[in-house]
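Work through the exercises below with the model open. Try each task before reading its solution.

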Amino acid sequence: MALRDFLLMILVCFVWAAHTVVSKLVVSDLEIPPLFYAAIRFGIVALLAIPWLLPAPRPRWRILVVGFLMGGGGFALFFLGIKTASPSTAAVVSQLGLPMTTLLSVFMLGEKIFWRRGLGIVLTFIGGVIVMWDPGSGFPLSLGLILILGSALTGSLAAVMMKQIGGVRPLQFQAWIGMASVVPLTALTLSLETGQISKATEAGWTFVAALLFSALIVSLIAHSIYYGLIGKYPANLIAPLTIMNPLLTVVLGILVTGDQFDGRMALGTSIALCGVLIIALRRNHVMPLAALVWDRFR
């Protein structure tokens, strides 16, 4: 890989990691309702990407389902989860999207799994469960991280379904994600949340800056750079480099939000990321699908 492209990959992973931390600050410190935050975010994405909306991919119902699962549905679960989960644990648990994509591809696309990738899947899940384990509460697993896991699952399902839609360009995909997400998210926030406008007004320009960072820098610019690198280099070369994202998120979580990184967290993170690397380094047809899942929360 050219040095310039490698530096771009580092920049993209840093932006993604920063976005996880920013999302935590928005829904926790600023107390912005999570569904409202997701609705506004995808409203901005839909508005900015609307020039790339047409021609509509066929079948249209599938791109709407994929767009909602990849966008609004997954982000609703993620923002609800990150309200109580730490950015570092959320980043590690989100890596379970890769083995879930692999398993779904076996049932839906006939993908073959051999023992090395099987080992990687087992290790990733073991590491994820260790990170999710919450021995200090009445329930053995963190509820916030269960929502993060559900978000990863929706992204995995959407990625496999996306395989059955051909010829969708990156910005066109972002446009349909926005269009498919903004209406149901608006309905959800209006029916389930209260005080959205007052809390957004109280947060002021800090909230506006977070929204613009999320919609412009993350969704449009970072995603476009990432998809360009995926198109330029083999997925098996790009995939291991995305490990920088959870590692940078852990570092930013410790520095910015004061995440605790104890022995259990270190053990679970190490095991999970080893599993991800094993899966990523094996040549397989699911890697392009996994590329969609890796940018689920960016």
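Contact means heavy atoms within 4.5 Å. This is a predicted model, in which local features need pLDDT of at least 70, side-chain atom pairs count only at pLDDT 80 or more, and totals for chains, interfaces and linings use all residues. Residues are numbered from 1 along each chain as its sequence is written, and side-chain values use heavy atoms, with hydrogens and water left out.

**Exercise 1. A glycine and its contacts**

Task: Find the helix that holds G253, then state whether G253 is buried or exposed.

Solution. Start with the position. G253 sits in helix α12, residues 244–256. Helices are DSSP runs of H or I with at least four residues, strands are runs of E with at least two, and both are numbered from the N terminus. Next, take the accessibility. The relative accessible area of G253 is 0%, so G253 is buried. The cut-offs are under 20% relative accessible area for buried, over 50% for exposed, and in between for partly exposed, with a 1.4 Å probe and protein chains only. Then list the partners. Setting aside neighbours within four places in sequence, G253 is in contact with V21, G258 and D259. Finally, look further along the chain. S86 is 167 residues away from G253 in sequence, yet their C-alpha atoms are separated by 7.3 Å.

**Exercise 2. The whole chain**

Task: State how many helices and strands the chain has, and what share of its residues is buried.

Solution. Count the elements. The chain has 14 helices and zero strands. Now the burial. The chain has 298 residues, and 53% of them count as buried. Add the surface. About 12600 Å² is exposed, and carbon and sulfur atoms supply 73% of that area. Such areas come from the Shrake-Rupley method with a 1.4 Å probe, and for residues only the protein chains shown count as cover. Last, check the contacts. Take those between residues at least 6 apart in sequence: 88% of them join residues at least 24 apart.

**Exercise 3. Three partners of α7**

Task: Describe how α3, α5 and α4 each pack against α7.

Solution. Recall the method. Two packed helices are described by the angle between their axes and the distance between the axes. Axes are lines fitted to C-alpha atoms, for helices over the stretch in contact, and angles run from 0 to 180 degrees between N-to-C directions.

Step one: α3. The axes of α3 (residues 60–82) and α7 (residues 143–162) come within 8 Å and cross at roughly 165°. The two helices are therefore roughly antiparallel. The classes are under 35 degrees for roughly parallel, over 145 for roughly antiparallel, 65 to 115 for roughly perpendicular, and oblique for the rest. The crossing of α3 and α7 is left-handed. Left-handed means that the near helix is turned anticlockwise from the far one by less than a right angle, and right-handed means clockwise. The residues of this contact comprise 18 nonpolar, seven polar and one charged. Ala, Val, Leu, Ile, Met, Phe, Trp, Tyr, Cys and Pro count as nonpolar, Asp, Glu, Lys and Arg as charged, and the others, Gly among them, as polar.

Step two: α5. Helix α5 (residues 97–109) packs on α7 at about 40°, with the axes 9 Å apart. That angle makes α5 oblique to α7. Their crossing is right-handed. Residues of α5 in this contact include M100 and L104, and those of α7 include L153 and L157. By class there are ten nonpolar, four polar and no charged residues.

Step three: α4. Helix α4 (residues 87–94) meets α7 at about 35°, with the axes 9 Å apart. Here too the crossing is right-handed. T89, A90, V93 and S94 of α4 meet L145, I148, L149 and A152 of α7. This contact has six nonpolar, two polar and no charged residues.

**Exercise 4. Two residues of α8**

Task: Place I177 and A187, and classify the accessibility of each.

Solution. Begin with I177. I177 lies in helix α8, residues 170–192. Its relative accessibility is 5%, so I177 counts as buried. Beyond four places in sequence, I177 is in contact with F42, G67, M70 and G71. Move on to A187. A187 is also in helix α8. At 45% relative accessibility, A187 counts as partly exposed.
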